[in-house]
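Q: Please take me through the reading of sheets, helix packing and internal spaces, giving the general idea and then the case at hand.

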Amino acid sequence: MSELRKRQGPGKSADTDLQNVPPHRSASVLPGFGCSRLVILIFLAVFAAWFLSSEETSSLSHSYAVCSSSGARVYTMDHVVPNVQCLVVDGSLIMDTGSLEDVMARWVAKGRLRSSLQIRYLDESSIVVPGFSDSHAHILEYGAAKELPLESGKTIEDTVALVRRYILDNDDILNDSSKIIEGSGWDHTSWPVEEWPTSDALEMDPIVRGRPIVLISKDGHALWISKKALALSSPWPSEVEGGVIMKDSFGTPSGVLLDSAQDLVKRPTPTEQDLLRRFNTTVNDALSYGLTSVHDAGFKPFSLEFFRRQAAAGNLPIRIYGMRYFEESGPYWGNLSKPIINAGNGRLNARSVKIFADGALRSGGAALNEPYSDNPHTKGFMRLDPKVLTDVILQYLRDGWQVNVHAIGDYANSVVLDAFETASEDVNVTALRPRLEHAEILTMTDLERVGKLGVISSVQPTHAISDMWFAEERLGAERVKGLYAFRSLLDHGSRLALGSDFPVEDMNPLAGFYAAITRLSPEGQSPSGPSGWFPEQRLTRMEALRGMTIDAAYASFTEGSLGSLVPGKQADYVVLSQDIMTIPVDQILRTKVQATVIDGRPAFGQV
C-alpha cells in the first residue's frame with residue numbers, strides 16, 4: 001500500500017493538520033555558507049523527513065480506515081453491500097464500511113474529530129478481500145514436507161538422488177546411519193513409466209543404503225520405505241484392513257504401503273522442537289499467501305496437544321480449525337472428549353472429527369462402484385467396513401460432533417451419504433454441518449442428495465488440474481464426467497468450502513481460485529484445450545471467492561465472526577496488488593499479497 005495520505009489528497013498525512021505550518025523562507029544561500037554544505041543539509045533534512053514519515057506510517061492507530069482513492073475496491077462478501085470504498089477498523093473489529101464521505105460522517109457524529117481517523121489509501125490497482133481460509137490442509141505435515149521435498153524427482157533415480165543430497169547436506173544424519181529420514185512428495189504418476197518404487201531402489205546408492213527411510217507420496221496415501229525401515233517395523237501381517245502391503249513375487253513386502261498399512265511403520269514422535277520448526281515454516285508461508293484461517297484435516301493426539309499448548313501460550317499467529325483424527329483401531333472418544341471452542345483468544349477451535357472412508361484416486365485406493373478402467377482387477381477399497389463406518393458416523397453425530405469424512409470414490413461417497421441420511425432420522429444433520437472431504441466422484445443421484453441433506457462439499461480445485469492428466473485413463477470417458485463436478489455440486493444445493501490439501505498441492509489460495517474458475521493448468525493448458533477441462537464445471541469468480549471466505553467460515557461455524565467484512569466481525573482481511581475479480585485470468589497468478597491482517601493488525605506486509 002502507499003504511504004499514509006490525508007483524506008483530501010495524496011502525499012499528505014491523514015492525522016496531521018498542515019494548516020498551521022509556517023511559510024518557508026525564500027531560498028537563498030546564507031552568507032559564508034558554501035553550496036556544497038547546503039546540499040548536504042538539504043539531503044539530511046530530506047532523509048530525516050523520510051525516516052520520521054516511515055516511522056509514523058508503520059504505526060497503525062487503534063482505529064483506522066482502509067480506503068480506495070476512487071471507486072469501491074473493498075469486496076465485503078455481503079449480499080446487501082458487496083463493494084465499498086472504505087473499511088473502518090476499531091481495535092480487532094470492523095467498525096464501519098461504506099463510502100469515505102459516509103464513514104467520516106458517522107465517525108464525526110460520534111463526537112470525534114475528523115482528523116482523528118487515520119486513513120490508509122490503497123494503491124490504485126489494489127483491492128481488499130476478507131482473509132482467505134483454506135478448508136482442508138495439513139499444518140505440521142506441510143512444515144515437515146519442506147525439510148526433504150521430493151516433488152522435483154521425475155524418476156525413481158531422481159528421487160533417490162534427492163535423498164542422497166539431503167544426507168550429504170546434513171552432517172548429523174550423514175554421521176549417524178540410525179537416524180530416520182523422512183521426505184514427502186514423490187509421485188509415481190508423473191514418472192515416464194508409471195510404476196511403484198521398491199525398497200531395493202533405495203539400496204542402489206551407497207550413501208542412502210542401510211538407513212531407515214520413510215518417504216510419503218504426493219497424495220499422502222502411500223509410503224515408500226527402505227529395507228532398514230521394513231526390518232524395524234517387522235513382523236508384517238499378510239494383509240491389513242483398509243490398506244495394502246505391496247509385495248514382490250516371493251510374497252515379501254516390496255517397500256510400498258497404502259493407506260492404513262502406513263500405520264504399521266514405526267516412527268518416532270516428533271519433538272517439541274520439531275513441531276515448532278514445522279509450525280513456524282507453515283505459518284510464515286500461509287500468512288505470506290493471505291491465509292488467515294486454516295482447517296487442519298486431521299489432528300493426531302500429539303498435534304492436538306501441541307496446538308493446545310500454543311493456544312494457551314498465546315502463540316497462534318493464525319486461526320486454526322481442527323478436525324480430530326479418528327483412529328480406526330482406537331477406542332471411540334466422542335462421548336468422553338469436549339470440543340475446543342475459541343481457545344487462545346479465538347484462534348483455536350476443534351469441534352469436528354475426521355474419518356477416512358476410502359483411499360485416493362492417484363494411488364488407486366478410492367472405492368469405486370465399478371472396477372478401475374486402467375486396472376480392472378480392483379475397485380479400490382474402503383478404509384472401514386461400511387457398517388462399521390456408518391455406526392461410527394452415527395455415534396459422533398449423536399454426540400454433537402461435526403463429522404468430516406474423507407470420501408473420494410463414488411462408492412465411498414454413497415456409503416457416507418447413506419450414513420448421513422440414516423442419522424437424519426434422529427439428529428438434525430444439517431445443523432451439525434457434516435462435510436464430505438474431497439467429494440471427488442459422485443453419481444447423479446448422490447449429487448442431488450448432498451444438497452438435500454445439507455452436506456458441505458469440502459473440495460480442492462488444484463486437485464482437479466493435477467489429476468486431469470491421468471483421470472480419464474483411470475476412470476473411463478463416461479465416469480470421469482462426475483469427477484470434481486464443482487458446478488453440479490453447487491447447483492444441487494451443496495455449499496462449497498475450498499481448500500488446497502497442502503502440502504499435497506500449492507498452498508497459495510490464488511492457485512485454487514484460478515483452478516476453480518478456469519479448470520486449466522497454470523500454463524493455460526488442459527486435456528480438453530484452452531477452454532478448460534470440463535469447462536461446464538467451472539465456478540464464477542464470486543462463487544470461488546465465497547468458497548475461500550464466507551462459505552469456508554460457515555463450514556467451521558465461524559460465519560458470525562469471520563468470512564465477510566461487515567461491522568461487528570473480526571477485522572481479518574487481505575490487501576491484493578490486483579483486482580482478481582476483473583483482471584484477465586492469465587494475470588491472476590501474478591497477483592501479490594501486500595498485507596495479511598488478523599484482528600486488525602498486520603501479520604504480514606504493511607497497511
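A: Two strands are said to pair if DSSP finds at least two bridges between them, and the elements themselves are DSSP runs numbered from the N terminus, with helices being H or I over at least four residues and strands being E over at least two. This is a predicted model in which local features need pLDDT of at least 70 and side-chain atom pairs count only at pLDDT 80 or more, while totals for chains, interfaces and linings use all residues. Residues are numbered from 1 along each chain as its sequence is written, and side-chain values use heavy atoms, with hydrogens and water left out.

Q: In which sense do β4 and β5 pair, and over how many bridges?
A: Strands of a sheet pair through backbone hydrogen bonds, either parallel or antiparallel. Here β4 (residues 86-90) and β5 (residues 93-98) are antiparallel, with five bridges between them, and V89 has I94 of β5 opposite it. Two residues lie between the strands of this hairpin, where G91 adopts a positive phi near 65°.

Q: What is the strand order of the open sheet with four strands?
A: The order is β5-β4-β1-β6, and the pairing is mixed. Strands β5 and β6 (118-121) are at the edges with a single partner strand each, so one side of each has no neighbour in the sheet. From one strand to the next, the twist averages 25°, where angles run from 0 to 180 degrees between N-to-C directions and axes are lines fitted to C-alpha atoms, for helices over the stretch in contact. The parallel part of the mixed pattern includes β1 (residues 63-67) and β6, joined over four bridges, and A65 has I119 as its bridge partner in β6. Helix α2 (residues 100-109) packs on this sheet and touches β1, β4, β5 and β6 (contact meaning heavy atoms within 4.5 Å); the direction of α2 makes about 125° with that of β5.

Q: What is the order of the open sheet of five strands, and which helix packs on it?
A: This sheet runs β9-β10-β11-β13-β12, again with mixed pairing. Its edges are β9 and β12 (243-247), each of which has a single partner strand, so one side of each is left without a neighbour in the sheet. The average twist from one strand to the next is 20°. Within the sheet, β11 (residues 222-225) and β13 (residues 253-259) run antiparallel and are joined by three bridges, with W224 bridged to V256 of β13. The helix is α4 (residues 156-169), which touches β9, β10 (213-217) and β11, its direction making about 145° with that of β9.

Q: At what angle do the axes of α7 and α8 cross?
A: Two packed helices are described by the angle between their axes and the distance between the axes. The axes of α7 (residues 272-288) and α8 (residues 301-312) come within 11 Å and cross at roughly 75°. The two helices are therefore roughly perpendicular (65 to 115 degrees, whereas under 35 counts as roughly parallel, over 145 as roughly antiparallel and the rest as oblique). From α7 the contact involves E272, L275, L276 and F279, and from α8 it involves F302, F306, F307, R309 and Q310. By class, the contact has six nonpolar, one polar and two charged residues, where Ala, Val, Leu, Ile, Met, Phe, Trp, Tyr, Cys and Pro count as nonpolar, Asp, Glu, Lys and Arg as charged, and the others, Gly among them, as polar.

Q: How many cavities of 30 Å³ or more does the structure hold?
A: On a 1 Å grid over the protein atoms alone, a cavity is a set of points where a 1.4 Å probe fits but cannot get out, a pocket is an open set with protein on both sides within 12 Å along at least five of seven lines, and lining residues have an atom within 4 Å of a point. Grid points are joined across faces, edges and corners, and a volume is the space filled by probe spheres set on the points. There are five such cavities, and the largest has a volume of about 130 Å³. Its lining comprises 15 residues, of which D219, A360, I408, E440 and H463 are the closest to its centre; by class, the lining has five nonpolar, four polar and six charged residues.

Q: Which elements give two or more residues to the lining of the second largest pocket?
A: They are α3 (139-145), β9 (181-186), α14 and α17, and α14 gives the largest share, three residues. This pocket holds about 810 Å³ of space, and the closest to its centre among its 32 lining residues are K218, S466, V504, E505 and D506.
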